[in-house]
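Welcome! Have the sequence and the 3D view at hand, and try each exercise before reading its solution.

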Amino acid sequence: MASFEVIGGNKLKGDIYPQGAKNEALQILCAVLLTSEPVTVSNVPDIRDVNKLIELLRDLGVAVEQTAPDTYVFQADHVNLDYLETEQFVEQGRAIRGSVMIVGPMLARFGQAKMPKPGGDKIGRRRLDTHFLAFEKLGARFEYDSEESFFDVTTEGLKGAYMLLDEASVTGTANIVMAAVLAEGTTTIYNAACEPYVQQLCRMLNRMGAKITGVGSNLLTIEGVEKLHGTEHAMLPDMIEIGSFIGLAGMTGSEITIKNCKIPELGLIPETFQRLGIKMEFRGDDIYIPAQDHYEVDTYIDGSILNVSDHTWPGLTPDLLSVALVVATQAKGTVLIHQKMFESRLFFVDKLIDMGAQIILCDPHRATIIGQNNQIPLRGIRMTSPDIRAGVALLIAALSAEGTSIIDNVEQIDRGYQNIDGRLNAIGAQIRRI
């Protein structure tokens, strides 16, 4: 198990480039299974979860050629369905959450799919009902082996259907869309997720010959087609990384320019950190954060305490609440962080309290943070990263703290952030992998 040794208290300065979007990559890579023709994907992040999915696709029989450090050509013209029966597939499928999104393409193109219940972050219950109930509406049959935690899905031919999703699940919407593009007839998905990642997937599928309308809204209409062809696709920059870097700059009082951000695709992320007191300037497609010794939390018009909460798009992504929480610990003012979507994602605040933060964990979903206005800096401690996003929030806390921190289990951070220690060290951080 690797660890980070972090010497805190340094101000960072320079340019930093966000990686390609992890959550988009997991969808786009699964979509290559929908055609036998080559699909070229660029700005692919070099991170553990994405690399494991590429490995799974390769073992499934997809030809994979890396033509540049961030560019791959995939061709799924000799998919080996027998591989779904192997123990190696079971291990791979359980290793990453995003593996569930191979089910829609496999079902649409080959009429069958198998999938162990996937793993991923330990951030709370993340049910898969939305995926499989929708597949049933499209004409699939599925069986779930509760003892083995294994799904088996088959169809003699998918047919379009109307469906109202019980939750606006991002992976669920992506999976259903990928199944519906090759289904016979029209599929209508209401309460669809409309995150930029889903929009990117739909645009890519349309370039491949799909007929999807309503992209960017929560009502998608899909006219099924007989086959899809190859295309080229470039990932968006990772909005979670961009938000993390904004929080890092504010928390450490650093002057940082985040390059090539695709600002129109960031939604409420910049505004959220501005309300926490972090100043920024939009310079073309770059975000410049000046050095600040202090930052003050906004309040509502009537003077009441600011509440930062997550929501489905275009609300704030839940992946950034942990960073917002850490940033609030050194702000001037008080903030209520309300994590609505996952019940275990605030269970890292005990480590921040050990570092000296003033936090009241009200319940599994809410925490009140009394900012210390940089008057009492956090102190370095030894701690463990519980999941990807909390791990980066703890790294930001450690970089702002006095003294040395040790963060264990940084493999969790590696799952979502490409060479994060190297990139931050290049602009003045002191992080050593031990």
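Below are three short exercises with worked solutions.

This is a predicted model, in which local features need pLDDT of at least 70, side-chain atom pairs count only at pLDDT 80 or more, and totals for chains use all residues. Residues are numbered from 1 along each chain, and side-chain values use heavy atoms, without hydrogens and water.

**Exercise 1.** Find out what the span of helix 12 should be at 1.5 Å a residue.

*Solution.* Step one: helices are DSSP runs of H or I with at least four residues, numbered from the N terminus. Step two: the expected span is 1.5 Å times one less than the number of residues. Step three: helix 12 (residues 388–400) has 13 residues, so it should span 18 Å; its end C-alpha atoms are 19 Å apart, which agrees.

**Exercise 2.** Work out which residue caps the N-terminal end of helix 12, and through which atoms.

*Solution.* Start at the helix's N-terminal end: the cap is D387, with a side-chain oxygen 3.0 Å from the backbone nitrogen of R389. Then look at the cover: 13 of the 13 residues of helix 12 are buried (under 20% relative accessible area, 1.4 Å probe, protein chains only).

**Exercise 3.** Decide whether N409 is buried or exposed, and find its partner.

*Solution.* First, locate N409 in the loop between strand 22 (404–408) and helix 13 (411–414). Next, take its relative accessibility, 18%, so N409 counts as buried. Finally, a polar atom of the N409 side chain lies 2.9 Å from the backbone oxygen of S385.

Conventions. Helices (H or I, at least four residues) and strands (E, at least two) are DSSP runs, numbered from the N terminus. Buried means under 20% relative accessible area, exposed over 50%, partly exposed in between (1.4 Å probe, protein chains only). A polar contact is a pair of N or O atoms within 3.5 Å; within protein, one must be able to donate a hydrogen and the other to accept it, and residues adjacent in sequence count only if both atoms are side-chain atoms.
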